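Got your viewer open? Let's take a walk through this one, a stop at a time.

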Amino acid sequence: MKYFHFIIVVCAIVSCSQDDDSSNSGSETDLITKSAWKLDALGFDIDKNGSIDLNVPIKDCQADDIFTFSNSGSGTFNNGSVKCENDDPAMATFSWILQNKTLTANIPGLLSGTAAINTLNTNRLELWKDTTYNSIPGRAIVTLKH
């Protein structure tokens, strides 16, 4: 499967309870569901100052991936025309919850568990997740764009 190694390491599955979807803020939900998202940047912030210290290049097989969130708390991952692995599925579904500036989801190739939303506006969604990469503590930063 096409689970980009860095993202899997950085975004390890986090066990969490799912609350009623009605707690989603209307404006935040509107922003995240407005249109499809694509990867814009991946990196690791070693000193947790909000800047990427270790840039992770986005591969061609990731650049055409499309992530779509619906108001119902479900979403779709479209693998695009270029796959990282031949047996990668063309599409997959996922569920998500947006609550208190936190996104909880299991999105193939992007996020498993919970990540803080640093930025969410009409053009950008930036997720932060504190983790360890190669025995170095820090913060994974994943940025999506419309």
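Here is a tour of a predicted model, with something to select at each stop.

**Stop one: the core**

Which residues have the most contacts inside the largest nonpolar core? Select Ile 32, Phe 67 and Phe 69 and you have them; the core itself counts 24 residues. Now color the strands that feed it: β1 (38-45), β3 (66-69), β5, β6 (102-107), β7 (111-120), β8 (124-133) and β9 (136-145) each give at least two residues to this core. As a bit of background, nonpolar side chains in soluble globular proteins tend to be buried together.

Stay on Phe 69 and show what surrounds it. Setting aside neighbours within four places in sequence, Phe 69 touches Ile 32, Thr 33, Trp 37, Ser 74, Gly 75, Phe 94, Trp 96, Leu 103 and Ile 107. Two of those names, Ser 74 and Gly 75, come back at the next stop, in β4.

**Stop two: β4 and its partners**

Select β4, residues 74-78. On one side it pairs with β3: the two strands run antiparallel and are joined by 4 bridges. Look for Thr 68, which sits opposite Thr 76 of β4. Then follow the chain through the hairpin, where 4 residues lie between β3 and β4. Click Gly 73 in that turn, since its backbone is worth a look: phi is positive there, about 90 degrees.

β4 also pairs with β5 (91-99). That pairing is antiparallel too, over 5 bridges, and Ser 74 faces Ser 95 of β5 across it.

Next, show the side chains of β4. Which residues are on its covered face, and which on the uncovered one? Gly 75 and Phe 77 are on the covered face, while Ser 74, Thr 76 and Asn 78 are on the uncovered one. Keep the general pattern in mind: in a regular strand, side chains alternate between the two faces of the sheet.

**Stop three: Asn 79**

Step on to Asn 79, in the loop between β4 and β5. Is Asn 79 buried or exposed? It is buried, because its relative accessible area is 1%, under the 20% cut-off. Zoom in on its side chain and find the backbone oxygen of Pro 89, which it reaches at 2.9 Å.

**Stop four: the charged pairs**

How many salt bridges does a search of the whole structure find? There are 4. In general, side chains of opposite charge can pair when their charged atoms come close.

Select Lys 48 and Asp 130, whose side chains meet in a salt bridge at 3.6 Å, N to O. Lys 48 is in the loop between β1 and β2 (54-56) and Asp 130 is in β8, so this pair ties together parts that are 82 residues apart in sequence. Lys 48 is partly exposed at 40% relative accessibility, and Asp 130 is partly exposed at 45%.

Now add Arg 139, which forms a salt bridge with Asp 130, with the closest N and O atoms 2.9 Å apart. Arg 139 is buried, with a relative accessible area of 12%. Through shared partners, Lys 48, Asp 130 and Arg 139 make up one network.

For a last selection, pick Glu 126 and Arg 124, whose side chains form a salt bridge at 2.3 Å, N to O. Glu 126 is buried, at 6% relative accessible area, whereas Arg 124 is partly exposed, at 33%.

Note on methods:
Residues numbered from 1 in each chain as written. Predicted model: local features only at pLDDT ≥ 70, side-chain atom pairs only at ≥ 80, totals over all residues. Heavy atoms only, no water. Buried < 20%, exposed > 50% of the residue type's maximum accessible area, 1.4 Å probe, protein only. Polar contact = N/O pair within 3.5 Å; in protein donor to acceptor, adjacent residues only side chain to side chain. Core = buried A, V, L, I, M, F, W, Y, C linked by side-chain atoms within 4.5 Å. Contact = heavy atoms within 4.5 Å. Pairing = 2+ DSSP bridges.
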